[in-house]
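Colleague: I should like to learn how one reads the burial pattern of a helix. Please take me through an example.

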Amino acid sequence: MQIDPARFLADLHQLRSFGASGPGVMRRAFSAPDIAAREWLTGQIGAAGLTAHVDPAGNVFGLAEGRGVLIGSHSDTQPEGGWLDGAYGVIAGLEIARAAVEAGGAAISMVSFQDEEGRFGALTGSDIWSGRMTLAEADGLSDTDGLRFGTARQGLAHLMASDFVDPARFSGFLEMHIEQGPVLDLAGEAVGVVTSIVGLRQVQVTIRGQQNHAGTTPMTMRRDAFQGAARVAVMLAERMENVVTPQSVWTIGHIRVHPNASSIVPGQAVFTIQWRDGEADRLDRMQAVIAGVLDDVAAETGVGVQSEALRNDLVPVPMDARLQAALRDAAEMHAPGRWRSMPSGALHDASNVSHLMPVGMLFVPSIGGISHDLAEDTAEADLVTGLRVLAEAAGRLG
């Protein structure tokens, strides 16, 4: 099996053109650029000698004859995203599957999952394909503008089949991705073999105070909802110290206040708290800290505090030992002394696919650790090294 790095890079840059914005890409799930990209991808799949199959969720498969390894990731982006996040793994899957067809070798298939980035719910396409969410349930999901998944997916109806690909035709799943963090870049290393994907939990918190005049309400009499939210943020930082490790993270990433006016004491604040860790018991302890902070803020400030889980918990997912071994051996062959085993702090479709089959993941460096930003980038030499490692491992597993 002979991969063609120049062909791979040309395809990767061609995918970059769909929704290009400066150095990055704006290609949200089922947007016009996303639909155009999936149309282009099905054409490339056919030209590679694979069978294109777009399922009712919008997942695009390139199927080889026979049972074998599935390789891929996602090609949708954040509202302002980088050109490699997900797309790198999709085009790597295309190139390796195409090279396998040309060599008459192993049955290697590829996939681009839909809405990994969460326009409608995060990992939506692989959620549906893995059976963790029904298509009917997904159709009721809405984006922030009120557009429903069931309506949006009609934009791909001209490509969609009526059925889903049977997971039994695949012996395992390999996903290659940029690291989206600084570890490999800072260490000057070329490849990371992923050991596990972190678990994630998320709640939406609503704090209700008393809306009032900002000029005439004494500070001692205020029930300021935003100040309650700020108190939560400060207390979380203080109380997490004795619970977390350097790999644990928590984020208040979205907040809105009502009525959002400079001369009014906010009567309501709604915000999210998300926390991630590789160990389920630590996720439990972090959740207990969060619950305690919310209770104490309510008691100390007199505001009302409610919290609601936003989605099903995502448990930490270990990567398959056999697939890890194949990736480690391939990494030592193509990047001797320049690779490491490491956990993933970001979510990936492999989390869902692990419920169907063995999964493995490979990382390449992100320059400056930047991702989910138009400035996201990786050196082309590292992109090609990752491709060589993944192709070697896939060939061994095939």
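Colleague: Which residues of α10 are buried?

Modeller: Burial is judged by relative accessible area, with under 20% counting as buried. In this predicted model, the buried residues of α10 are Leu 323, Gln 324, Ala 326, Leu 327, Ala 330 and Ala 331. Seen down the axis of α10, these residues fall within an arc of 160 degrees, so they line one face of the helix. On the other side of α10, Ala 321 and Arg 322 are exposed.

Colleague: Against which elements do the buried residues of α10 pack?

Modeller: Their packing partners are the strands β7 (170-178), β8 (191-197), β17 (339-344) and β18 (359-364), together with the helix α12 (380-397).

Colleague: How does one read the length of α10, and what caps its N-terminal end?

Modeller: One compares the span with the value expected at 1.5 Å a residue. Helix α10 covers residues 321-334, 14 residues in total, and reaches 20 Å from its first C-alpha to its last, close to the expected 20 Å. The N-terminal end of α10 is capped by Asp 320, which places a side-chain oxygen 3.1 Å from the backbone nitrogen of Arg 322.

Colleague: Turning to a single position, where is Ser 171 placed, and what does it touch?

Modeller: Ser 171 lies in strand β7, one of the elements against which the buried residues of α10 pack. With a relative accessible area of 26%, Ser 171 is partly exposed. Leaving aside residues up to four places away in sequence, Ser 171 touches Arg 67, Gly 68, Val 69 and Pro 358.

Key: Residues are numbered from 1 along each chain as its sequence is written. This is a predicted model: local features need pLDDT of at least 70, side-chain atom pairs count only at pLDDT 80 or more; totals for chains, interfaces and linings use all residues. Side-chain values use heavy atoms; hydrogens and water are left out. Helices (H or I, at least four residues) and strands (E, at least two) are DSSP runs, numbered from the N terminus. The expected span of a helix is 1.5 Å times one less than its number of residues. Buried means under 20% relative accessible area, exposed over 50%, partly exposed in between (1.4 Å probe, protein chains only). The arc is that of the directions from the helix axis to the C-beta atoms. Contact means heavy atoms within 4.5 Å. A polar contact is a pair of N or O atoms within 3.5 Å; within protein, one must be able to donate a hydrogen and the other to accept it, and residues adjacent in sequence count only if both atoms are side-chain atoms.
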